[in-house]
Amino acid sequence: MTATTDFGYNSKVEGEVIVSRADAVINWVRRHSVWPMPMGLACCAIELMAAGGSRFDISRFGMEVMRFSPRQSDCMIVAGTVTYKMAQVVRRIYDQMAEPKWVVAMGACASSGGMYRSYAALQGVDRIVPVDVYISGCPPRPEALLDGMMQLQEKINREKSLGGVFKNRPVRDLSFQKK
Amino acid sequence: MTAQIQPILEAHPDLTERSSADNPAVNCPQGKVLEVLTYLKEEQGFDFLCDLTAIDHLDVEPRFEVVYNLFSTQRHEYIRVVTPCSGVTDPICASVVSLWGTADWHEREAFDLFGIQFDGHPDLRRILMWDSYPYHPLRKDFPLAGIEVDFPSEELMEQTGARVKAAPMAGGPFHASQSGSILDREPRGADESWNEHNEKTESPESTTDIPGDLEEGQ
Ligand code: SF4
């Protein structure tokens with residue numbers, strides 16, 4: 001027996017068929033081709049750009065295709081201070097993204113309002129859109145963003161990918177916040 | 001310093017010198033402001049409006065003052081002109097958009113944040129806050145944390161039930177100390193004895209109280 005024995009998929013033996021769970025395959029596809037919507041609103045967006053550069057290279061995780069159209073993206077990275085005036089725009093862009101979609105709150109401002117405790121800043125983007133991953137820091141280093149995105153990959157991997165296909169699942173709503 | 005503005009004071013006896021830590025400054029009565037600024041621009045060469053802003057003195061009469069910072073691109077000199085506004089809750093000031101086009105947005109900002117009506121402005125709308133916002137946030141009687149109002153977008157309110165709420169101050173506002181080592185200069189709350197879980201005990205002038213006379217401001 002040589003050292004090159006192939007224990008993996010062998011088309012001659014398996015007959016070009018792979019058996020797996022649908023969830024495993026679909027989540028594998030989804031988590032390795034996240035198309036981010038860069039919602040860059042303030043200084044954090046600069047770190048987001050750095051994460052896209054060659055030094056930190058977000059493309060190692062399959063997320064380099066930043067799309068400036070919500071129709072083509074599935075993960076909104078909210079990078080920066082969300083003012084009340086901008087909030088409706090953030091929400092509308094979120095609404096325009098196709099399911100399945102995720103939201104990453106990057107930095108203190110997007111997560112909680114950060115240092116802007118004032119009349120003009122929304123105190124956390126989770127008041128208007130459901131957030132999947134919060135990243136701390138002001139601004140978070142690109143490594144922190146990459147770590148957050150890897151957390152998101154883990155999370156996507158645990159999802160029931162077909163859960164919403166057969167029943168009329170409401171778009172993730174925020175009714176729990178209603179008074 | 002006075003020597004620089006002496007000819008201006010002589011040409012316009014209504015002006016008085018204003019104490020200033022840097023550039024020469026003059027006080028100008030509201031009725032004369034357009035005339036004086038035109039004179040400064042046309043005859044004294046102050047052709048550049050660096051900034052137009054306002055001051056709220058709250059309990060002092062007159063409550064609001066408008067400040068013009070002018071620069072002369074020929075003489076390389078600055079001058080500051082300050083004029084009181086007429087009216088207390090609805091301060092009125094003459095617009096200088098006819099002299100400097102840049103005053104357009106500056107006046108909109110002063111209108112948005114201080115509620116100063118600029119008489120003669122071509123398009124006096126809010127510029128930072130949304131159009132339906134009922135208050136003028138840089139007025140001294142407006143709490144920094146804000147006052148609960150509706151969101152600018154009804155659609156958003158319907159979908160999320162969110163409202164514009166007063167921000168949690170939690171001991172704030174947050175300042176970075178100007179002295180001490182860099183370790184002590186992290187921004188921190190001015191009064192850390194209270195936070196979200198630990199209510200502030202005595203509150204003679206709580207930051208989230210809505211002063212009664214704010215309601216009428218528009
Ligand atoms: S968290 Fe800090 S770096 Fe990021 S947008 Fe807010 S202030 Fe800027």
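**Exercise 1.** Which residues of helix 4 of chain A are buried? Establish also how they are arranged about the helix and what they pack against.

*Solution.* The structure is a predicted model.

Step 1. A residue counts as buried when its relative accessible area is under 20%. In helix 4 of chain A, this applies to A:Y84, A:A87, A:V90, A:R91, A:I93 and A:Y94.

Step 2. Viewed down the axis of helix 4 of chain A, these buried residues fall within an arc of 165°, so they line one face of the helix.

Step 3. The partners of the buried residues in chain A are strand 1 (36-40), strand 2 (75-79) and strand 3 (102-106). Helix 4 (154-160) of chain B is a further partner.

**Exercise 2.** Compare the expected span of helix 4 of chain A with the distance between its end C-alpha atoms.

*Solution.* Step 1. The helix covers residues 84-96, which is 13 residues.

Step 2. The expected span is 1.5 Å times one less than the number of residues. For this helix the result is 18 Å.

Step 3. The end C-alpha atoms lie 19 Å apart, which agrees with the expected span.

**Exercise 3.** Describe the contact between chain A and chain B.

*Solution.* Step 1. Chain A contributes 18 residues to the contact, and chain B contributes 32 residues.

Step 2. About 2,000 Å² is buried between the two chains, and carbon and sulfur atoms account for 61% of this area.

Step 3. Of the area that chain A buries against chain B, 39% comes from A:Y84, A:R117 and A:Y119, more than from any other three residues. A:Y84 is also one of the buried residues of helix 4 of chain A.

**Exercise 4.** Is A:I18 buried or exposed? State where it lies in chain A.

*Solution.* Step 1. A:I18 is placed in the loop between helix 1 (11-14) and helix 2 (22-31) of chain A.

Step 2. A residue is exposed when its relative accessible area is over 50%. The relative accessibility of A:I18 is 66%, and therefore this residue counts as exposed.

**Exercise 5.** Which classes of residue form the shell around the ligand?

*Solution.* Step 1. The surrounding residues include A:C43, A:C44, A:T81, A:M115 and A:P139.

Step 2. Sorted by class, the shell holds eight nonpolar and three polar residues, with no charged residues.

**Exercise 6.** How many helices and strands does chain A have, and in what order do they run?

*Solution.* Step 1. Chain A has six helices and four strands.

Step 2. Starting at the N terminus, the order is α-α-β-α-β-α-β-α-β-α.

How values were computed
Residues numbered from 1 in each chain as written. Chains lettered and ligands numbered in written order. Predicted model: local features only at pLDDT ≥ 70, side-chain atom pairs only at ≥ 80, totals over all residues. Heavy atoms only, no water. Near = heavy atom within 4 Å. Nonpolar A, V, L, I, M, F, W, Y, C, P; charged D, E, K, R; others polar. Helix = DSSP H or I, 4+ residues; strand = E, 2+ residues; numbered from the N terminus. Buried < 20%, exposed > 50% of the residue type's maximum accessible area, 1.4 Å probe, protein only. Arc of directions from axis to C-beta. Contact = heavy atoms within 4.5 Å. Buried area = accessible area lost by both parts, 1.4 Å probe.
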